[in-house]
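Reader: I am new to this structure and would like a close look at one part of it. Please pick a single helix, go through its residues and contacts, and then place it among the helices around it.

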Amino acid sequence: EAWRTLSLLSSSGSSNWSKVVSDAEKIVGYPTSFMSLRCLLSDELSNVAMHVRKLVGTQHPLLNTARGFVYDSKNNLQMRGLVVLLLSKAAGPNQAASDLLTQDMVSGIYPSQRNLAEITELIHTAFLVHRGIVDLKELTVSDGSLKDMQFGNKMAVLGGDFLLANACTGLAQLDNTKVVELISSAIGDLVQGVYYENSSITEDNGLIDGVNVAQWEEQTFLSHGALLAKSCQAAMELARHDMESQRVAYKYGKHLSLGHKLNSDLQPFMKSDVGEPASFSFSAAPVVFHRQIVGQETWHQQLQQAKTFRNQVDYSKLLAAVKSEKGVSSAMDLCCYHSNKALEAIQAFPSSEARSALENIASAITKF
């Protein structure tokens, strides 16, 4: 199920991606994986962590999310905060805004922009924790006792709310009405996006008419792109850059997010390992393309043929069916399109080390 395969950040898993991010982190002054540390080491969250230990031995996804903060260095790439910092540095100080002191800048980034990057990560993390809430009706014996899973759900709600409250407090301290408005609307977009995701997950194994590619992009932007796009724009607003700079930053964040999600959705279809294939979501981009190409009737037949005698889905059969058509190559083409759009947007900023890092990140999402 969707909640079993939750990861802290969908990354391409390639060493290329990790290198691009570590190189970029050096440019902004420190590893962004420590950005949320101040909040994560607070007394309140330490108490939450103590309670989460009670979930050891169960299959509650909150345990994996919490473990990811500490151990999962490969997946714990805080891309959103890093991109906000790189864009802040690429745009540079605003010469026209005389009341913004350049001496306050560290590594070419205003303190308010660093705070914004941390707020962006806190919001993203809060929603990851909230997404770990389990549908108790779908539990099996191996997941853990009902009491433990109910407790895990309570901790997911509490932990996510705590992170979100911290982010909102930090947002108010930025003392910029437009930034508050931008980030608040991004939180609203996330809620709407998660609602769409959950309503599609509850449908019976994808048998109802699914979303088309245009709807997929719209919904994916809400759940995966709006936070980064609006945070990038807000970083420009904090330095009092003009609307054109804000538009360019928004565009970069939007296309990078969509490309990153497409790369993530493509991963199960790119692996050539022999053996049991990883399960994949019916709302993954290659499946959405495939359904649109073959039509609902053929998709229903393929789905029925992939059913086992226990009415489970044989993912290897379904994987082969999706790969036999142009669903995978169409999703790859769309990923390259968004990568190119992000690269195109970033050219508006002067050539610099930070701009090069943003170009490398946009190029890395097309490596499968």
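Author: What follows is a short outline of the chain, then a close look at one helix, then the helices and loops beyond it.

The model is predicted, so local features need a pLDDT of at least 70 and side-chain atom pairs count only at pLDDT 80 or more, while totals for chains, interfaces and linings use all residues. Residues are numbered from 1 along each chain as its sequence is written, and side-chain values use heavy atoms, with hydrogens and water left out.

The chain has 15 helices and 0 strands. Both are DSSP runs numbered from the N terminus: helices are H or I with at least four residues, strands are E with at least two. Of the 368 residues, 49% count as buried. Buried means under 20% relative accessible area, exposed over 50%, and partly exposed in between, with a 1.4 Å probe and protein chains only. Among contacts between residues at least 6 apart in sequence, 79% join residues at least 24 apart; a contact means heavy atoms within 4.5 Å.

The part chosen is helix H11, residues 285-294. Phe-289 sits in H11 and counts as buried, at 14% relative accessibility. Leaving aside residues up to four places away in sequence, Phe-289 touches Val-213, Gly-327, Ser-330, Ala-331 and Leu-334. The C-alpha atom of Phe-289 is 7.7 Å from that of Lys-326, although 37 residues separate the two along the chain.

Val-294 also belongs to H11. Val-294 is buried, with a relative accessible area of 19%. With residues up to four places away again left out, Val-294 touches Trp-299, Gln-302 and Glu-325. Between Val-294 and Glu-325 the C-alpha distance is 8.1 Å, for a gap of 31 residues in sequence.

Trp-299 and Gln-302 lead to helix H12. Two packed helices are described by the angle between their axes and the distance between the axes. H11 and H12 (residues 296-305) pack at about 120°, with axes 6 Å apart. The axes are lines fitted to C-alpha atoms, for helices over the stretch in contact, and angles run from 0 to 180 degrees between N-to-C directions. H11 is therefore oblique to H12: angles under 35 degrees count as roughly parallel, over 145 as roughly antiparallel, 65 to 115 as roughly perpendicular, and the rest as oblique. From H11, the contact uses Val-287, His-290, Arg-291 and Val-294; from H12, it uses Gln-296, Thr-298, Trp-299 and Gln-302. These residues divide into 3 nonpolar, 4 polar and 1 charged. Ala, Val, Leu, Ile, Met, Phe, Trp, Tyr, Cys and Pro count as nonpolar, Asp, Glu, Lys and Arg as charged, and the others, Gly among them, as polar.

On another side of the account is helix H14 (residues 327-346), whose 20 residues should span 28 Å at 1.5 Å a residue; the end C-alpha atoms are 29 Å apart, which agrees. The expected span is 1.5 Å times one less than the number of residues. Among the buried residues of H14 are Gly-327, Ser-330, Ala-331 and Leu-334, the H14 residues that Phe-289 touches. H11 is one of the helices that cover the buried residues of H14; others include H5, H9 (213-238) and H10.

H10 (residues 243-270) has 28 residues, which should span 40 Å at 1.5 Å a residue, and its end C-alpha atoms are 40 Å apart, in agreement. Of those 28 residues 21 are buried, so H10 is largely enclosed by the rest of the structure. In the loop between H9 and H10 is Arg-240. Arg-240 has a positive phi of about 60° although it is not a glycine. Most residues other than glycine have a negative phi. Arg-240 is partly exposed, at 40% relative accessibility.

H5 (residues 79-91), also part of the cover of H14, packs against H6 (residues 111-131) at about 160°, with axes 8 Å apart. That makes H5 roughly antiparallel to H6. Their contact residues divide into 5 nonpolar, 5 polar and 3 charged.
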